[in-house]
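Subject: Structure for your review

Dear colleague,

Here is the structure I said I would pass on. Please look it over alongside the notes below.

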Amino acid sequence: MVVPVSNTTLAKSSFDFEGFVREQGQVAIEKCIAGKMIGVINGATAGSIDRETTGVLTYQDIVNLYLGLKQEYRDSAVFVANDADLKALMGLTDNNGMPILVRDLTTAYGFTLFGRPVVQDDRATKLAFVNIEKAMAVACGEEAQIKKSEDALFLSNSTAFRIVVDVDVKATIEDALVFLGA
């Protein structure tokens, strides 16, 4: 990521641009990691759970998805859903007529399903139940390296801030991820 800032702005402003670039770089790194994790989920071919009815989400589909993940992975698993999946989940009730999606304002996720967090990401193409720690390995450099250069943008009287960090996410244990098929 390269962020150019005019030297006039740097000289005249009391705003900490380098700190701001570092902060925004961290946000970009987190989004990059999340995107790569969603890529692993979207690319999964093993672990498909058949739907009861094609194109329709049912309570039994969610039960089958939950039970489709091996028991040893369930305690730390999360559901991953896009907006369309979340909308469908909001309309589902259990056999007693109670909504299965529970609003949980005490967590960063906002919803739980069968007591497990629901991670919402519109890049997800599959409704999945996954133990992220087991299903994928995430490697990220210790800290983003911020380089500042006035030479790169000499002609425009600007300073360039460059942020570099190594990020990689790879699938590991196939059994730690299940998803609903079409």
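What follows is a summary of what was found, going from the whole chain to single residues.

Please keep in mind throughout that this is a predicted model.

Overall form

The protein chain contains six helices and twelve strands. Its radius of gyration is 21 Å, whereas the globule rule gives 16 Å for 182 residues, so the chain is more spread out than a compact globule. The C-alpha trace spans about 65 × 30 × 25 Å along its principal axes. Of the 182 residues, 36% are buried. The accessible surface is about 10,800 Å², and carbon and sulfur atoms account for 51% of that area. Taking contacts between residues at least 6 apart in sequence, 73% join residues that are at least 24 apart. As for charge, the chain has 17 positive and 24 negative charges, and the mean positions of these two sets lie 4 Å apart.

The sheet

Seven strands make up an open sheet with mixed pairing, and their order is β2-β12-β7-β3-β6-β5-β4. The edges are taken by β2 and β4 (101–104); each has a single partner strand, so one side of each has no neighbour in the sheet.

Two of the pairings can be described further, and both involve β6. Strand β6 covers residues 116–120 and runs parallel to β3, to which three bridges join it. Within that pair, F79 has V118 of β6 as its bridge partner. On the other hand, β5 and β6 run antiparallel and are joined by two bridges. Here T112 is the residue opposite P117 of β6. The hairpin formed by β5 and β6 has two residues between the strands, and in this hairpin F114 adopts a positive phi near 55°.

Helix α3 and its cover

Helix α3 runs over residues 59–68, and its buried residues are D61, I62, V63 and L65. Which elements cover them? The cover includes the strands β2 (48–49), β3 (78–81), β5 (110–113), β7 (128–130) and β12 (177–180), together with helix α5 (83–90).

I62 is a useful residue to inspect in this helix. Its relative accessibility is 0%, which is why I62 counts as buried. Leaving aside residues up to four places away in sequence, I62 touches L57, L89, L92, I100, L113, F114 and L127. One of these contacts, F114, is also the residue with the positive phi in the β5–β6 hairpin. Another, L89, is 27 residues from I62 in sequence, with a C-alpha to C-alpha separation of 8.9 Å.

The loop before α3

What does E52 touch, residues up to four places away in sequence not being counted? E52 sits in the loop between β2 and α3, and the residues it touches are T58, Q60, D61 and N64. Among them, D61 is one of the buried residues of α3. By C-alpha positions, E52 is 22 Å from Q71, and the two are 19 residues apart in sequence.

With regards

How values were computed
Residues numbered from 1 in each chain as written. Predicted model: local features only at pLDDT ≥ 70, side-chain atom pairs only at ≥ 80, totals over all residues. Heavy atoms only, no water. Helix = DSSP H or I, 4+ residues; strand = E, 2+ residues; numbered from the N terminus. Rg over C-alpha atoms; globule rule 2.2 N^0.38 Å. Buried < 20%, exposed > 50% of the residue type's maximum accessible area, 1.4 Å probe, protein only. Contact = heavy atoms within 4.5 Å. Areas by Shrake-Rupley, 256 points an atom, 1.4 Å probe, with all protein chains shown as cover. Lys, Arg positive; Asp, Glu negative; His and termini not counted. Charge placed at Lys NZ, Arg CZ, Asp CG, Glu CD. Pairing = 2+ DSSP bridges.
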